[in-house]
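Q: Please take a close look at one part of this structure. Which side chains pair up there, and how buried or exposed are the partners?

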Amino acid sequence: MAEKRVVRSASAKKPAAVKKARRPEVRLPPLAPWPGGELEPDGDYDGVEFTAADFTGQDGGGARFMDCALEGCALDEVRLTRARILDSRLAGIRGVGTDLAEATLRDVEVVDARLGGVQLHGSVLERVVVRGGKIEYLNLRKARLKDVVFDGCVLVEPDFGGARLDRVEFPGCVVRGADFTGAVMADVDLRGVSELGIARGVDRLAGAVISPAQLFDLAPAFAAEIGVRVE
């Protein structure tokens, strides 16, 4: 008797599960209080606690922050281009026009930030959690994000143009007017976004996971992308 063979179609295969982001585990050592003064370009800050410091307009370009805590600091128009922020916690920071272009953030927690016009274009973010707070006009063009979690925060018109996103999550977030033009995604989980608005780059969502409800909401944008009129 001939053996029966069962052939499963490709469509019957279960989709691969989205890979979870690895969150940082920031454990700060005993910290030395910041004595005051101004940031220095290419400065080296190791194990320092900055509390309610006002860095408005200062230049800390190329500085290195290792095992540091910034609590309630003002970062208006501060220049931190190519800075390295490692194994650190930033809580309650606020500012407009903070320049972190081409900076590196690795194993960093950002909690309850209130920022506007933050420049992070060309930056590298690895094992970073942004929890709570509100960030308007976040510029992440051509940045590299790996194991990054935006958790319960509000992002207004974030720009991910040309960025690379690997294992990035947005649980409990509000995302308004996002620009994903030219972005490349792998294991990007958008299902937890409570309000998802995409202004540009809906065609770059390959590699992202969305919910059925989000698909319904984004249907007009998808239709417009492929030239379909809905009447």
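A: Arg191 counts as partly exposed, because its relative accessibility is 42% and partly exposed covers the range between the 20% and 50% cut-offs. This value comes from a predicted model. The side chain of Arg191 meets that of Asp189 in a salt bridge, with a distance of 2.8 Å from N to O. Asp189 counts as buried, because its relative accessibility is 10% and buried means under 20%. This salt bridge therefore joins a partly exposed arginine, Arg191, to a buried aspartate, Asp189.

Elsewhere, salt bridges that share partners link Arg106, Asp107, Glu126 and Arg127 into one network. Within that network, Arg127 forms a salt bridge with Glu126, and their closest N and O atoms lie 3.2 Å apart. Arg127 and Glu126 are both buried.

Another pair to set beside these is Glu25 and Arg27, which form a salt bridge with the closest N and O atoms 3.1 Å apart. Glu25 is exposed, because its relative accessible area is 57% and exposed means over 50%. Arg27 also counts as exposed, at 65% relative accessibility.

The pairs described here are among the 17 salt bridges that a search of the whole structure finds. To return to the part in question, the partners are Arg191 and Asp189, with Arg191 partly exposed and Asp189 buried.

How values were computed: Residues are numbered from 1 along each chain as its sequence is written. This is a predicted model: local features need pLDDT of at least 70, side-chain atom pairs count only at pLDDT 80 or more; totals for chains, interfaces and linings use all residues. Side-chain values use heavy atoms; hydrogens and water are left out. A salt bridge is a side-chain nitrogen of Lys or Arg within 4 Å of a carboxyl oxygen of Asp or Glu. Buried means under 20% relative accessible area, exposed over 50%, partly exposed in between (1.4 Å probe, protein chains only).
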